[in-house]
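Subject: Structure handover

Hello,

Here is the structure you were waiting for. Please open it first, then read my notes below.

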Amino acid sequence: MPFRTFQQARKSKITFGKILITLVILDILAIIALLILAFLPQYYRMKDNFLYQTFTLNLVLVALLIISAIYYIGFRGKKKEKVSGLLELKENEIVLNGTSIPLADIQKVRIIGNDIKGEFRGFVSKGSQNQIIITKTNSEELSSFFEQTIENPLRNSKKILDLYHDKGILSESNFTNIMNNTNYF
């Protein structure tokens, strides 16, 4: 069965998640610094003020952690991917987005993923974080993200993947991990 492929999402350098992590780290450093200052002799008169500020920063830290948890569970990976074509694994070729690649022209196939649409992994998965990397005999690399669903997981293609493994195109560890449905790299 064919798998839908997606255009690679453009990754931004600054994301909401990175901002939250940075704020959490800065908050923890500020709490540690205020606790150290509170116990230095020259700041003895301001000790209570430092401890009140530390308590306030602890509340800010808890709020940031709650916001981070809500963001991770509710909003992580909500970007819409654009379908770019299909991935078909055949006995004598791989068809990727309409381009037919004969097995004779393929040096190595690597599949990264185990993201199956509809499975719950802290959040409901969209199944689109699977990647196939095809290295051709001329050292050209083709790569695409594809979708697995509960009805159409990659391990249903066992016969074809076994053929790729027997021909030395798919590594032993990659093949075993796909069949065991563990994270494959």
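One definition before anything else. A residue counts as buried under 20% relative accessible area, as exposed over 50%, and as partly exposed in between. By that scale Lys-90 is partly exposed, because its relative accessible area is 31%. Please also keep in mind that this is a predicted model.

**Overall layout**

The chain has four helices and nine strands. Their order along the sequence is β-α-α-β-β-β-β-β-β-β-β-α-α. The chain has 185 residues, and 34% of them are buried. About 11,900 Å² of the chain is exposed. Carbon and sulfur atoms supply 61% of that area. I also looked at contacts with a separation of 6 or more. Of these, 58% are between residues 24 or more positions apart.

**Salt bridges**

There are four salt bridges in the structure. Here are notes on some of them.

Start with Lys-90. Its partner is Glu-93, and the closest N and O atoms are 3.6 Å apart. Glu-93 has 19% relative accessibility. The cut-off for buried is under 20%, so Glu-93 counts as buried. Lys-90, at 31%, is partly exposed. This bridge therefore pairs a buried acid with a partly exposed lysine.

Next, Glu-91 and Lys-159. Their closest N and O atoms are 3.2 Å apart. Glu-91 sits in the loop between strand E2 (83-89) and strand E3 (93-96), while Lys-159 is in helix H3 (residues 158-166). The two parts are 68 residues apart in sequence, so the pair ties them together. Glu-91 is partly exposed, at 44% relative accessibility. Lys-159 is exposed, at 62%.

Then Glu-140 and Lys-136. Here the closest N and O atoms are 3.7 Å apart. Which partner is buried, Glu-140 or Lys-136? Lys-136 is buried, with a relative accessible area of 18%. Glu-140 is partly exposed, at 35% relative accessibility.

**Helix packing**

Two packed helices are described by the angle between their axes and the distance between the axes. I have two pairs for you.

The first pair is helix H1 (residues 16-38) and H2. They pack at an angle of about 160 degrees, and their axes are 9 Å apart. Angles over 145 degrees count as roughly antiparallel, so H1 and H2 are roughly antiparallel to each other. H1 passes H2 in a left-handed crossing.

One residue of H2 gives a handy distance to check. Ala-69 lies in helix H2 (residues 47-75). Its C-alpha atom is 10.0 Å from that of Gly-17. Along the chain, Ala-69 and Gly-17 are 52 residues apart. Ala-69 counts as partly exposed, at 36% relative accessibility.

The second pair is H3 and helix H4 (residues 172-180). Their axes come within 10 Å and cross at roughly 165 degrees. That makes H3 roughly antiparallel to H4. H3 passes H4 in a left-handed crossing. On the H3 side, the contact is made by Lys-158, Leu-161, Asp-162 and His-165. On the H4 side, it is made by Glu-172, Phe-175, Ile-178 and Met-179. Recall that H3 also holds Lys-159, the partner of Glu-91.

**Two loop residues with positive phi**

Which residues have a positive phi without being a glycine? Asn-97 is one of them, with a phi of about 55 degrees. Asn-97 is in the loop between E3 and strand E4 (99-102). With a relative accessible area of 34%, Asn-97 is partly exposed.

Ser-139 is another, with a phi of about 70 degrees. Ser-139 is found in the loop between strand E7 (130-136) and strand E8 (141-146). At 58% relative accessibility, Ser-139 counts as exposed. Lys-136, of the bridge to Glu-140, is buried.

**Where to look**

For a quick tour, begin at the Glu-91 and Lys-159 bridge. Move on to the H3 and H4 contact. Then turn to H1 and H2, with their left-handed crossing. Finish at the loops that hold Asn-97 and Ser-139.

Best wishes

How values were computed: Residues are numbered from 1 along each chain as its sequence is written. This is a predicted model: local features need pLDDT of at least 70, side-chain atom pairs count only at pLDDT 80 or more; totals for chains, interfaces and linings use all residues. Side-chain values use heavy atoms; hydrogens and water are left out. Buried means under 20% relative accessible area, exposed over 50%, partly exposed in between (1.4 Å probe, protein chains only). Contact means heavy atoms within 4.5 Å. Accessible areas come from the Shrake-Rupley method with a 1.4 Å probe; for residues, only the protein chains shown count as cover. A salt bridge is a side-chain nitrogen of Lys or Arg within 4 Å of a carboxyl oxygen of Asp or Glu. Axes are lines fitted to C-alpha atoms, for helices over the stretch in contact, and angles run from 0 to 180 degrees between N-to-C directions. Angles under 35 degrees count as roughly parallel, over 145 as roughly antiparallel, 65 to 115 as roughly perpendicular and the rest as oblique. A crossing is left-handed if the near helix is turned anticlockwise from the far one by less than a right angle, and right-handed if clockwise.
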